[in-house]
Amino acid sequence: MRRPLVAGNWKLNGSRAANGALLRALVSGCRDDAGREIVVCPPFVYLPDAAALLGGSTIGLGAQDAAAESAGAFTGEISAAMLADVGCRYVIVGHSERRALYGECDDMVARKFAAVLAAGLVPILCVGETLEERERDQTEAVVERQLRAVLGRVAASAWQGAVVAYEPVWAIGTGRTATPQQAQAVHAFIRGQFATLDARMAGQLRILYGGSVKGANAAALFGMPDIDGGLVGGASLDAQDFILICDAASGSAT
Ligand code: PEP
């Protein structure tokens, strides 16, 4: 039985005032439901404030990235241990925006994934193809390459509750969502990749879908057998819509 997870990626958005209003609305509006998990990932500087505002609630805290290194002369970087220190439990790793805009290669993503696990945190590893790659029928090859890069550094048996997010790049922030069938096909492929390495782990691995998830389409996506919740960008900034998405994850456990 996999517990569905909905994680909100706030990206480069927010302010103390806006975050306070959003988090208060989520804390009061999200039904207590042990059957699914909710996480928010604000920008780094707001993490301590968010931890305080979420204190006592069941909503967890995550970060949007972490350094591959643990300490030292790496100006501007933030380590996974620092994120743990301010109350984070989850860290998004390898988001397509970091890969495309900040040049994060598969190996860098793998190093970050390992660093997050080493700090005792849960990585949410993003994988997914561009539109061009999909149109060339390369979706599985791209996803497999991205997964293998991480598996080359951290064996499947050591993934300890890690999460994978399938995020087709062409669906992120575009309003264009993969159909539940398109998403399910890739989720099943991802689970199958793990099944060849460690069947038990594959059965327990949570695989989230990300790409223009909204209250209106979440239930259909989360109803698919290998979709265990969502990584949500734009809609996670709207309390009402995010609550609808979280409600859709309730009861979709498989
Ligand atoms: C994301 O940034 O991970 C994402 C899925 O964004 P959006 O929901 O806005 O497409």
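**Burial, contacts and helix spans, explained**

Modeller: Let's begin at the ligand: the residues of the shell around it divide into 4 nonpolar, 8 polar and 2 charged. The model is predicted, so local features need pLDDT of at least 70 and side-chain atom pairs count only at pLDDT 80 or more, while totals for chains, interfaces and linings use all residues. Residues are numbered from 1 along each chain as its sequence is written, and side-chain values use heavy atoms, leaving out hydrogens and water.

Colleague: What makes a residue nonpolar, polar or charged here?

Modeller: Ala, Val, Leu, Ile, Met, Phe, Trp, Tyr, Cys and Pro count as nonpolar, and Asp, Glu, Lys and Arg as charged; the others, Gly among them, are polar.

Colleague: How many residues surround the ligand, and which are the closest?

Modeller: There are 14, and the closest are Lys11, Glu167, Gly173, Ser212 and Gly233. To be near the ligand, a residue needs one of its heavy atoms within 4 Å of it.

Colleague: What makes a pair of atoms a polar contact?

Modeller: Both must be N or O atoms within 3.5 Å; within protein, one must be able to donate a hydrogen and the other to accept it, and residues adjacent in sequence count only if both atoms are side-chain atoms. An N or O atom in the side chain of Glu167 is 2.7 Å from an oxygen atom of the ligand. For a polar side-chain atom of His95, the distance to a ligand oxygen is 2.9 Å. Ser212 uses a backbone N or O atom, 2.7 Å from a ligand oxygen. On its own, the ligand has 290 Å² of accessible area, and the protein covers 97% of that (Shrake-Rupley method with a 1.4 Å probe; for residues, only the protein chains shown count as cover).

Colleague: Is Ser212 called buried or exposed, and why?

Modeller: Buried means under 20% relative accessible area, exposed over 50%, and partly exposed in between (1.4 Å probe, protein chains only). Ser212 has 10%, so it is buried. Asp137, at 71%, therefore counts as exposed, and Met108, at 26%, is partly exposed.

Colleague: What is notable about the phi of Ser212?

Modeller: It is near 55°, a positive value in a residue other than glycine. Asp137 also has a positive phi, near 65°. Most residues other than glycine have a negative phi. Ser212 is in the loop between β7 (206-210) and α10 (215-222), and Asp137 is in the loop between α6 (131-135) and α7 (139-151).

Colleague: What makes a stretch a helix or a strand?

Modeller: Both are DSSP runs numbered from the N terminus: helices are H or I with at least four residues, strands E with at least two.

Colleague: How do you know whether the span of α8 agrees with the expected one?

Modeller: The expected span is 1.5 Å times one less than the number of residues. Helix α8 (residues 180-195) has 16 residues and should span 22 Å; its end C-alpha atoms are 22 Å apart, so the two agree. Among its buried residues are Val186, Phe189 and Ile190.

Colleague: Why is Gln184 of α8 called buried?

Modeller: Its relative accessible area is 13%, so Gln184 is buried. Its side chain joins that of Asp226 in a polar contact of 2.8 Å. Not counting residues up to four places away in sequence, Gln184 touches Met224, Pro225, Asp226 and Ile227, where contact means heavy atoms within 4.5 Å.
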